[in-house]
Each structure stands twice: as structure tokens, then as C-alpha cells.
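Please walk me through this structure in running prose, starting with one ion pair and ending with a buried acidic side chain.

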Amino acid sequence: SPSSSSSAAAAAAGRERAGADESYKPSASGSWGVFERPSDISKAYGGGKKIPFGGEAKDPAEVEEKRKKTMAKIQQYRRKRLELDNEGLEDDTLNKAKLGLERGKILMRKGSLAAAREEFENASKLVSPASTLGGEALLQTAICYDSMGRYEDAKEMYKKLTTHRDYTIARMAEQFLFG
């Protein structure tokens with residue numbers, strides 16, 4: 001057929017030109033792109049590396065060093081993320097919130113649920129609800145609501161806390177929600 005012989009001739013001409021000036025110039029038909037490129041792209045751009053089956057053999061010390069660096073960065077990220085929201089607070093405010101949590105827990109053990117709820121609510125107002133301390137205060141408030149028979153209020157708080165950034169608080173909220 002005439003069209004196949006003309007495309008074969010164009011391809012042969014393209015190969016001849018590529019050998020002459022070390023660059024491949026594609027035909028106007030756009031069969032493999034329309035931009036010039038080296039005739040042996042692997043040599044030009046450092047390709048052709050042979051990787052054995054199963055991947056490259058890596059030095060065990062190098063692998064362990066990389067793993068340690070990665071774990072250190074993950075721990076640093078987690079600490080920063082959990083402490084981020086209470087970063088600007090003074091130590092006095094954080095201590096008041098912690099003390100309020102402890103007083104609330106003592107009052108709960110004694111059976112003074114209304115007073116304990118108040119302590120937890122006051123502590124949660126002092127810190128960010130997204131922080132670990134704020135999440136714990138909100139969880140304790142929800143537990144107080146649950147113990148006082150205010151199940152709908154407790155359920156609503158548990159639902160909100162299931163998405164808390166502190167994994168422990170989120171899991172405890174899920175347990176209380178379904179328990």
C-alpha cells in the first residue's frame with residue numbers, strides 16, 4: 001500500500017538523520033511525540049542501570065540508620081502536633097487545668113458527679129479542646145454526663161471525641177459510645 005511505504009520511508013529517513021546529528025527528530029504525524037530527543041535516551045540521561053531480582057542489596061547499617069532517622073522525625077511530629085494548641089499558654093494556666101482534672105477525678109470517685117463535671121468543664125475551658133489535656137477534660141465531662149443519666153449529652157460529646165487527634169482519647173470515646 002502507498003501509505004505504509006511512505007511512512008516506512010519517513011521512518012528510515014528519520015533514523016538516518018538521527019545517526020547523522022545524534023538527535024531523533026520525530027515525524028510530523030506525532031507517532032511518538034513531536035519533540036527532538038537523543039537517539040539513545042538511556043545513554044544520554046544515565047539510564048540502563050540493571051537492578052537484580054528482589055531489588056538492590058542495601059547495607060544493613062545504612063537501612064537501620066535511615067529507619068532511626070524516620071522514627072525520630074515521626075516522634076517529633078507527633079509531639080509537636082499534640083502539644084501545638086497549648087503552646088502559647090502559661091505554665092500557671094496548664095497547672096490549673098491539670099489540677100482541675102485531678103480534683104474532678106477525686107470528686108467522681110467520691111460520687112459528687114455535678115461538682116466533678118464542673119471541674120472538668122472549667123479545666124477544658126482553660127486549654128484547647130484539640131490538645132491531649134483538653135481532650136481528656138472533655139472525655140471526663142462526657143463520662144460525668146453519662147453517669148448522671150444525661151445520655152444524649154454524653155453521646156454527643158463521645159461522637160465529637162471519636163475524631164480527636166490523640167488516639168487514646170478517640171478510642172476511649174468510641175468504647176464509651178458503644179458500651
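Which side chain meets that of Arg-117 in a salt bridge? In this predicted model, the partner of Arg-117 is Glu-121, with N and O 3.1 Å apart. Both residues belong to helix α5, which spans residues 113-126. Their spacing of 4 residues corresponds to about one turn of the helix. Arg-117 has a relative accessibility of 15% and counts as buried, because the cut-off for buried is under 20%.

The chain as a whole gives the setting for this pair. Its secondary structure amounts to 8 helices and 2 strands. In sequence order the elements read α-β-β-α-α-α-α-α-α-α. The chain has 179 residues, of which 23% are buried. The number of salt bridges in the structure is 8.

Strand β1 covers residues 23-24, and Ser-23 lies in it. Ser-23 is buried, at a relative accessible area of 13%. Pro-38 is 15 residues away from Ser-23 in sequence, yet the two C-alpha atoms are separated by 4.4 Å in space.

Helix α4 also contains a salt bridge, formed by Asp-92 and Lys-96. The closest N and O atoms of Asp-92 and Lys-96 are 3.8 Å apart, and this pair counts as a salt bridge because the limit is 4 Å. Asp-92 and Lys-96 are 4 residues apart within α4, about one turn of the helix. Both side chains belong to partly exposed residues: the relative accessible area is 46% for Asp-92 and 47% for Lys-96.

Helix α4 runs over residues 91-110, and helix α6 over residues 132-147. How do the axes of these two helices lie with respect to each other, and at what angle do they cross? The axes come within 11 Å and cross at roughly 25 degrees. That angle makes α4 roughly parallel to α6, because angles under 35 degrees fall in that class. The crossing in which α4 passes α6 is left-handed.

A further salt bridge joins the side chains of Asp-153 and Arg-150, with N and O 2.9 Å apart. Asp-153 is partly exposed, having a relative accessible area of 31%. Arg-150 is partly exposed as well, at 35%.

The last stop is Asp-166, which sits in the loop between α7 (151-161) and α8 (167-178). Is Asp-166 buried or exposed? Asp-166 is buried, with a relative accessible area of 10%. Despite being buried, Asp-166 has no salt bridge. The nearest side chain of opposite charge is that of Arg-171, 8.7 Å away, so this pair falls outside the 4 Å limit for a salt bridge. The side chain of Asp-166 does make a polar contact, at 3.1 Å, with the side chain of Thr-132. Gly-135 is 31 residues from Asp-166 in sequence, while their C-alpha atoms are 7.7 Å apart in space.

Methods
Residues numbered from 1 in each chain as written. Predicted model: local features only at pLDDT ≥ 70, side-chain atom pairs only at ≥ 80, totals over all residues. Heavy atoms only, no water. Buried < 20%, exposed > 50% of the residue type's maximum accessible area, 1.4 Å probe, protein only. Lys, Arg positive; Asp, Glu negative; His and termini not counted. Polar contact = N/O pair within 3.5 Å; in protein donor to acceptor, adjacent residues only side chain to side chain. Axes fitted to C-alpha atoms, helices over the stretch in contact; angles between N-to-C directions. Parallel < 35°, antiparallel > 145°, perpendicular 65-115°, else oblique. Left-handed = near helix turned anticlockwise from the far one by under 90°.
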